[in-house]
Amino acid sequence: MAKAIWNGRVIAESEDIIQVVDAYYFPKESINMEYIKPSKAKTYCFWKGEASYYDIIVDYKINQNAAWYYPDPSPMAENIRDKVAFWKGVEVKL
């Protein structure tokens, strides 16, 4: 069971993760939405498409844009549709 942990809280937990390069993508339904707030940030990856972001908020601490997802990935990255990855200090335990 893989877990994404930040500030002592489990943000996501799933056995159904996908690794793409150095990132682990969790199914959206495995995310504890209590700790997630949509961000306005967007970036673009030439092979995955446009990424959207979430802020993670735990005990009044905010980790801005610490989770990302591709709402409409390119055909080459269709396997990460409806999946969320983490960075910026979020620990993924496998």
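Colleague: Why is tryptophan 68 called buried?

Modeller: Buried means under 20% relative accessible area, exposed over 50%, and partly exposed in between, with a 1.4 Å probe and protein chains only. Tryptophan 68 has a relative accessible area of 11%, so it is buried. This is a predicted model, in which local features need pLDDT of at least 70, side-chain atom pairs count only at pLDDT 80 or more, and totals for chains, interfaces and linings use all residues. Residues are numbered from 1 along each chain as its sequence is written, and side-chain values use heavy atoms, with hydrogens and water left out.

Colleague: What makes tryptophan 87 buried or exposed?

Modeller: Tryptophan 87 has a relative accessible area of 44%, and therefore counts as partly exposed.

Colleague: How many aromatic pairs does the structure hold, and why is the pair of tyrosine 54 and tyrosine 69 called stacked?

Modeller: The structure holds 4 aromatic pairs. Rings of Phe, Tyr and Trp (its six-membered ring) pair if their centres lie within 6.5 Å; planes under 30 degrees apart count as stacked, over 60 as edge-to-face and the rest as tilted. For tyrosine 54 and tyrosine 69, the centres are 4.8 Å apart and the planes differ by 25 degrees, so the pair is stacked.

Colleague: What makes the pair of tryptophan 68 and tryptophan 87 edge-to-face?

Modeller: Their ring centres are 6.0 Å apart and their planes stand at 85 degrees, so the pair is edge-to-face. Tyr25 joins Trp68 and Trp87 in one aromatic cluster.
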